[in-house]
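This briefing was prepared for a reader at the bench who has the sequence and the structure to hand. Please keep both in view while reading.

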Amino acid sequence: MKVKLLALTLAMLMTMCLFSGCKESTNTGTSTDTTSIPETSAPITTEAPDADYTGVYDDLLFEIYKHILAITYDAENSDSMDGDAGFREVVGSLSEEDALRAIGYTEHDINNDGIPELLIYLIDDNGNEKCAGTRILAAYTVKGNSPTLIFEGTVRNRYYLLSNGLIYNEGSSGAAYSIFGTYTLEPLSDSLTVKNYYFTSPIDNNYDNIGFFENRTGSMEIDESERFKGPEKEFWQIQTDLSKRIAESELKPFEIFSAGDGTEEVSCVIAVFAEDTLVELTNEERFTADNSEYETEVVFFANYGDVYDFEFCEIKWLDDSDGGESDIEFVPIYKTETLTQDTPLVVTMTFWGDIPSYGIRYTDSEGAEHSGTISTSGMDGTLILDVI
């Protein structure tokens, strides 16, 4: 009886394959026109087991932030970290302020497996109209509950995200050697898989005879590749068509982290003038502390991780008759339950003099309470957030 049942099952499976058109696909691996460019998007698959990835990259982002600062202070002697080749190139000769405005990040589930990837970008120079970029400097995913590097890019080995979800890579190491190709990030993987790979290389080391090659392995070995059968014009047209599909991503600049030298304890909250931030304010809370002809808007962000019971306060100065010094009292005038990087607080306020009139209080993600004053420098008018 069991044998009959097995035979019946096999017969049904064979019938299903016949009627569903099951067959092995044939691909020569070469092309003479741009139709070989993948049109399909990254694979849509069953998501990974339910997991909460909120905050999984917080520590890594903080380390990258401190690393960027360390490079600006002493690029030659600063330590290295996985994935820093690209942003080290970018910020090595920049000031701290410019460096933090040059690098941004976003989280994006590239392959629809339920795990968000962290993408570190070069912010495009667009006149500060918006914070966005196209060239990926480093990409991370989560493996074993911890961030792990997928790839890093440099000026000679550039990575981009295409509009169809594929990763596009291009680069060169001289006039005779160029590469470009597309990759996928397979579900639950921490490495890229080649889809199409194209490169140029001298034939028999003759730099007057440049050959054009392609493969699906990502190798620049001529013996492991096939000659591109189309004319040179069509070879470069494939690269042109791919570059037109590069997607622009909205980013958060690392300037949303507070200043420091990369070694000191950094405040959980940062304050910046609204006119100076590259972050587009779309989901902020707003509060008006006072109105005057000298009023300005100050944006309070969570620096890394969320903060809770955030209070904007008036400051009352109390005389200490015993010590001869003054003490301060924080009087809350506005409160929000949670302050994050995505939901900042914008306060309209006036700085009446050198002595702080306003301050903040909050609880960090570990339950510690903090308070501090906000004022401006008498030298250059910059914001000073002095958190205890």
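The points below are grouped by topic: the nonpolar core, salt bridges, surface charge and backbone geometry. The model is predicted. Its largest nonpolar core has 28 residues, and the salt bridges number 10.

**Nonpolar core**

- The residues with the most contacts inside the largest nonpolar core, which has 28 residues, are I68, I103, I120 and F254.
- Three helices give two or more residues each to this core: helix 2 (58-73), helix 3 (85-91) and helix 4 (96-102).
- Strand 1 (103-108), strand 2 (117-122) and strand 4 (135-143) likewise give two or more residues each.
- Helix 2 supplies the largest share of the core, namely eight residues.

**Salt bridges**

- The count of salt bridges comes to 10; among them is the pair of E255 and R101, with the closest N and O atoms 3.3 Å apart.
- This pair links distant parts of the chain, 154 residues apart: E255 lies in the loop between strand 13 (252-253) and strand 14, and R101 lies in helix 4.
- E255 counts as buried because its relative accessible area is 12%, which is under 20%.
- R101 is also buried, because its relative accessible area of 19% falls under that same 20% limit.
- R286 forms a salt bridge with E297, the closest N and O atoms being 3.0 Å apart.
- The pair of R286 and E297 likewise links distant parts of the chain, with R286 in strand 15 and E297 in strand 16 (residues 296-302), 11 residues apart.
- R286 is partly exposed at 43% relative accessibility, and E297 is partly exposed at 32%.
- E284 joins R286 and E297 in a network of salt bridges.
- K229 and E226 meet through their side chains in a salt bridge, at 4.0 Å from N to O.
- K229 counts as exposed because its relative accessibility of 58% is over 50%, whereas E226 is partly exposed, with a relative accessible area of 35%.

**Negative surface patch**

- E97, D98, E275 and D276 form a negative surface patch.
- D276 is located in the loop between strand 14 (269-273) and strand 15 (285-288).
- The relative accessible area of D276 is 36%, so this residue counts as partly exposed, between the limits of 20% and 50%.

**Backbone geometry**

- Most residues other than glycine have a negative phi.
- N112, which is not a glycine, has a positive phi near 55 degrees.
- N112 is found in the loop between strand 1 and strand 2, and at 32% relative accessibility N112 is partly exposed.
- L188 has a positive phi of about 65 degrees, although L188 is not a glycine.
- L188 sits in the loop between strand 8 (178-185) and strand 9 (192-203); with a relative accessible area of 44%, L188 is partly exposed.

**A pair separated along the chain**

- Y183 belongs to strand 8.
- Y183 is buried because its relative accessible area is 10%, under the 20% limit.
- Y183 and R216 are 33 residues apart along the chain, and their C-alpha atoms are separated by 9.7 Å.

Notes:
Residues numbered from 1 in each chain as written. Predicted model: local features only at pLDDT ≥ 70, side-chain atom pairs only at ≥ 80, totals over all residues. Heavy atoms only, no water. Patch = residues over 30% accessible without salt bridge, like charges linked within 9 Å, V, L, I, M, F, W, Y side chains within 5 Å. Areas by Shrake-Rupley, 256 points an atom, 1.4 Å probe, with all protein chains shown as cover. Lys, Arg positive; Asp, Glu negative; His and termini not counted. Charge placed at Lys NZ, Arg CZ, Asp CG, Glu CD. Helix = DSSP H or I, 4+ residues; strand = E, 2+ residues; numbered from the N terminus. Buried < 20%, exposed > 50% of the residue type's maximum accessible area, 1.4 Å probe, protein only. Core = buried A, V, L, I, M, F, W, Y, C linked by side-chain atoms within 4.5 Å.
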